[in-house]
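Biologist: I would like to learn how to read a model of this kind one feature at a time, beginning with the way helices touch each other. Please show me the structure, and then take me through it slowly.

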Amino acid sequence: MAEAGHSFLARLGKTRLRPGGIEATNWLFEHVSFDKNKHILEVACNQCTNAIALVSKTGCSITAVDLDKEVVELARNRVAEAGLSDKIKVERANALKLPYPDQSFDVVINEAMLTMLGDKQKIKAISEYYRVLKPGGILLTHDVKLAEGEMTKVIEELQKAIHVPAKPHNESDWREIFTKAGFEDLTVSTGSMTLMDPIGMIKDEGLVRTLKIFKNAIKKENRVYFKAMFHFFRTNKANLGYIAIVARK
Ligand SMILES: C[S@@+](CC[C@H](N)C(=O)[O-])C[C@H]1O[C@@H](n2cnc3c(N)ncnc32)[C@H](O)[C@@H]1O
């Protein structure tokens with residue numbers, strides 16, 4: 001199977017694999033006071049970039065899960081290298097069937113994953129987040145947002161560009177999905193897609209890492225894939241953005 005876009009970018013050295021980058025993430029995190037008494041779950045943690053940054057900054061503890069076995073291994077190594085294995089528990093789990101009891105967490109974080117699921121699965125995953133959150137708990141998500149209007153061709157081209165059957169939505173459809181899954185109290189922010197934008201990359205990764213990513217991207221074996229993704233996102237600037245949602249149970 002062709003390598004998924006996020007795995008490809010991670011292999012090139014990218015650590016934040018989300019449409020609105022660190023700015024959207026920071027906006028989400030402003031809505032929660034992270035402290036060591038909070039029980040936090042991050043779903044689709046990938047390399048634990050968020051968890052490591054949050055724990056280093058606030059001293060909180062996090063349970064971080066991902067479905068991909070290799071990614072879980074990588075995340076565990078990164079957490080150990082950061083000396084945070086006592087604060088970040090990394091487990092393999094599926095968002096569609098979380099292995100945690102009802103009402104176990106104060107906060108659930110889930111960035112750049114729901115877009116990868118079909119519509120029924122999206123509702124299932126968000127219902128799981130609702131189930132594991134305590135009353136008054138907060139869900140923080142961040143995904144790809146489509147512009148209004150007919151976007152069938154854009155979705156098809158996105159799927160080809162990133163080798164994932166992704167299905168993003170416009171703002172009103174995203175809102176409806178969250179409401180169907182039980183969340184009625186939503187605070188929403190939207191903005192431009194920064195994933196492959198050079199300025200966005202520098203904000204996410206810093207200049208030195210960005211240069212390394214581009215150096216890896218132009219290697220013979222990576223060039224064609226990178227160019228196709230880069231071109232797709234550049235030509236679809238007006239059609240694609242991010243949506244960040246703070247949803248309260
Ligand atoms: C685009 S990456 C985003 C990673 C990270 N959240 C970020 O923003 O940088 C999507 C991640 O979702 C994970 N994933 C996909 N389906 C999942 C599921 N059903 N349950 C848990 N993780 C899943 C993938 O393994 C991958 O690490």
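Modeller: Let us start with one pair of helices, in which Gly5, Phe8, Leu9, Arg11 and Leu12 of H1 meet Asn222, Tyr225, Phe226 and Met229 of H10. By class, this contact of H1 with H10 comprises six nonpolar residues, two polar ones and one charged one. Please keep in mind throughout that this is a predicted model.

Biologist: At what angle do helix H1 and helix H10 pack, and how far apart are their axes?

Modeller: Helix H1, residues 5-12, packs against helix H10, residues 220-235, at an angle of about 120°, and the two axes are 11 Å apart. Because angles of 65 to 115 degrees count as roughly perpendicular and those over 145 as roughly antiparallel, H1 is described as oblique to H10. As for the hand of the crossing, H1 passes H10 in a left-handed manner.

Biologist: Which residues of H8 and H9 make the contact between them, and how do their axes cross?

Modeller: The axes of helix H8, residues 198-205, and helix H9, residues 207-217, come within 7 Å and cross at roughly 125°, so that H8 is likewise oblique to H9. The crossing of H8 and H9 is right-handed, whereas H1 crosses H10 in the left-handed sense. On the H8 side the contact is made by Pro198, Met201, Ile202 and Glu205, and on the H9 side by Leu207, Arg209, Thr210, Ile213 and Phe214. Sorted by class, the residues in the contact of H8 with H9 are six nonpolar, one polar and two charged.

Biologist: Which residues of helix H3 are buried, and against what do they pack?

Modeller: A general idea helps first: an α-helix has 3.6 residues a turn, so residues three or four places apart point the same way. In helix H3, residues 49-58, the buried residues are Thr49, Asn50, Ala51, Ile52, Leu54 and Val55. These buried residues pack against helices H2 and H4 as well as strands E1, E2, E3 and E4. After H3 comes Gly59, whose phi is positive, near 80°.

Biologist: Is Thr25 buried or exposed, and which residues does Thr25 touch?

Modeller: Thr25 is found in helix H2, and Thr25 is buried because its relative accessible area is 2%, where buried means under 20%. Leaving out residues up to four places away in sequence, Thr25 touches Arg18, Asn50, Glu111 and His142; Asn50 is also one of the buried residues of H3.

Biologist: What is the phi of Asn46, and what is the phi of Ala112?

Modeller: Most residues other than glycine have a negative phi, and these two residues depart from that pattern. Asn46, in the loop between E1 and H3, has a positive phi near 50°, and at 15% relative accessibility it counts as buried. Ala112, in the loop between E4 and helix H5, has a positive phi near 55°, but with a relative accessible area of 23% Ala112 is partly exposed.

Biologist: Where does Lys167 lie, and with which residues is Lys167 in contact?

Modeller: Lys167 lies in the loop between helix H6 and helix H7, and it counts as partly exposed at 32% relative accessibility. Apart from neighbours within four places in sequence, Lys167 is in contact with Thr115, Leu117, Asp119 and Lys122. It also helps to set distance in space beside distance along the chain: the C-alpha atoms of Lys167 and Gly241, 74 residues apart along the chain, are separated by 13 Å, while those of Ala2 and Thr15, 13 residues apart, are separated by 20 Å.

Biologist: How many helices and strands does the protein chain have, and why is it called as compact as a globular protein of that length?

Modeller: The protein chain has ten helices and seven strands. Its radius of gyration is 17 Å, close to the 18 Å that the globule rule gives for 249 residues, and therefore it is as compact as a globular protein of that length. Along its principal axes the C-alpha trace spans about 50 × 45 × 30 Å, and 52% of the 249 residues count as buried. Finally, among contacts between residues at least 6 apart in sequence, 80% join residues at least 24 apart.

Conventions. Residues numbered from 1 in each chain as written. Predicted model: local features only at pLDDT ≥ 70, side-chain atom pairs only at ≥ 80, totals over all residues. Heavy atoms only, no water. Axes fitted to C-alpha atoms, helices over the stretch in contact; angles between N-to-C directions. Helix = DSSP H or I, 4+ residues; strand = E, 2+ residues; numbered from the N terminus. Parallel < 35°, antiparallel > 145°, perpendicular 65-115°, else oblique. Left-handed = near helix turned anticlockwise from the far one by under 90°. Contact = heavy atoms within 4.5 Å. Nonpolar A, V, L, I, M, F, W, Y, C, P; charged D, E, K, R; others polar. Buried < 20%, exposed > 50% of the residue type's maximum accessible area, 1.4 Å probe, protein only. Rg over C-alpha atoms; globule rule 2.2 N^0.38 Å.
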